[in-house]
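This report looks at selected residues, a pocket and a surface patch. The chain is shown first.

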Amino acid sequence: MGKLIVVIGVVLVVFGAGLWLLGRLGFRGLPGDILYESDNVRLYFPVATCLVLSAVATLLFWLWQWWMR
């Protein structure tokens, strides 16, 4: 159980560092993401980004299950 927690932690750190690096390189989202700004409110909802991440996660889980059979 301890090894699993360490692996999950390493994956989260790598994922977070990747997101931070993408932000530093100028990536602000995909076309289709909703951004609303007014004087006191800023709302960002990444619709397209969520769809892409969902498709990638589904593919990875499908491949994992296929590989484990």
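## A buried threonine

Thr-49 is buried, with a relative accessible area of 18%. The cut-off for buried is under 20%, so Thr-49 falls in that class at 18%. The model is a predicted one. Thr-49 belongs to helix H2, which covers residues 47-68.

Leaving aside residues up to four places away in sequence, Thr-49 touches Gly-29, Leu-30, Asp-33 and Tyr-44. Leu-30 is also one of the residues that line the largest pocket, and Thr-49 is another.

## The largest pocket

The largest pocket holds about 250 Å³ of space. Its lining is made of Phe-15, Gly-18, Leu-19, Leu-22, Phe-27, Leu-30, Thr-49, Val-52 and Leu-53.

Two helices, H1 (2-24) and H2, each supply at least two of these lining residues. H1 gives the largest share, with four residues.

## The nonpolar surface patch

A nonpolar patch lies on the surface. Its members are Val-52, Val-56, Leu-59, Leu-60, Trp-62, Leu-63, Trp-64, Trp-66, Trp-67 and Met-68. Together they have about 1200 Å² of accessible area. Val-52 appears in this patch and also in the lining of the largest pocket.

Trp-66, one of the patch residues, sits in helix H2. Its relative accessibility is 56%. Exposed means over 50%, so Trp-66 counts as exposed.

## Arg-42 and strand S2

Arg-42 is placed in strand S2, which spans residues 42-45. Is Arg-42 buried or exposed? Arg-42 is exposed, with a relative accessible area of 64%. That value is over the 50% cut-off.

Arg-42 touches Leu-35, Tyr-36 and Glu-37, not counting residues up to four places away in sequence. These three contacts of Arg-42 fall within the range of strand S1 (34-37). Arg-42 and Ala-55 are 13 residues apart in sequence. In space, their C-alpha atoms are 27 Å apart.

## Gly-26 and the loop after H1

Gly-26 is found in the loop between H1 and strand S1. Its relative accessible area is 45%. Partly exposed covers the range between 20% and 50%, so Gly-26 is partly exposed.

How far apart in space are Gly-26 and Trp-62? The distance is 32 Å, C-alpha to C-alpha. In sequence, Gly-26 and Trp-62 are 36 residues apart. Trp-62 is also a member of the nonpolar patch.

How values were computed:
Residues are numbered from 1 along each chain as its sequence is written. This is a predicted model: local features need pLDDT of at least 70, side-chain atom pairs count only at pLDDT 80 or more; totals for chains, interfaces and linings use all residues. Side-chain values use heavy atoms; hydrogens and water are left out. Buried means under 20% relative accessible area, exposed over 50%, partly exposed in between (1.4 Å probe, protein chains only). Contact means heavy atoms within 4.5 Å. Patches are made of residues with over 30% relative accessible area and no salt bridge: like charges are joined within 9 Å, nonpolar side chains (Val, Leu, Ile, Met, Phe, Trp, Tyr) within 5 Å. Accessible areas come from the Shrake-Rupley method with a 1.4 Å probe; for residues, only the protein chains shown count as cover. A salt bridge is a side-chain nitrogen of Lys or Arg within 4 Å of a carboxyl oxygen of Asp or Glu. On a 1 Å grid over the protein atoms alone, a cavity is a set of points where a 1.4 Å probe fits but cannot get out, and a pocket is an open set with protein on both sides within 12 Å along at least five of seven lines; lining residues have an atom within 4 Å of a point. Grid points are joined across faces, edges and corners, and a volume is the space filled by probe spheres set on the points.
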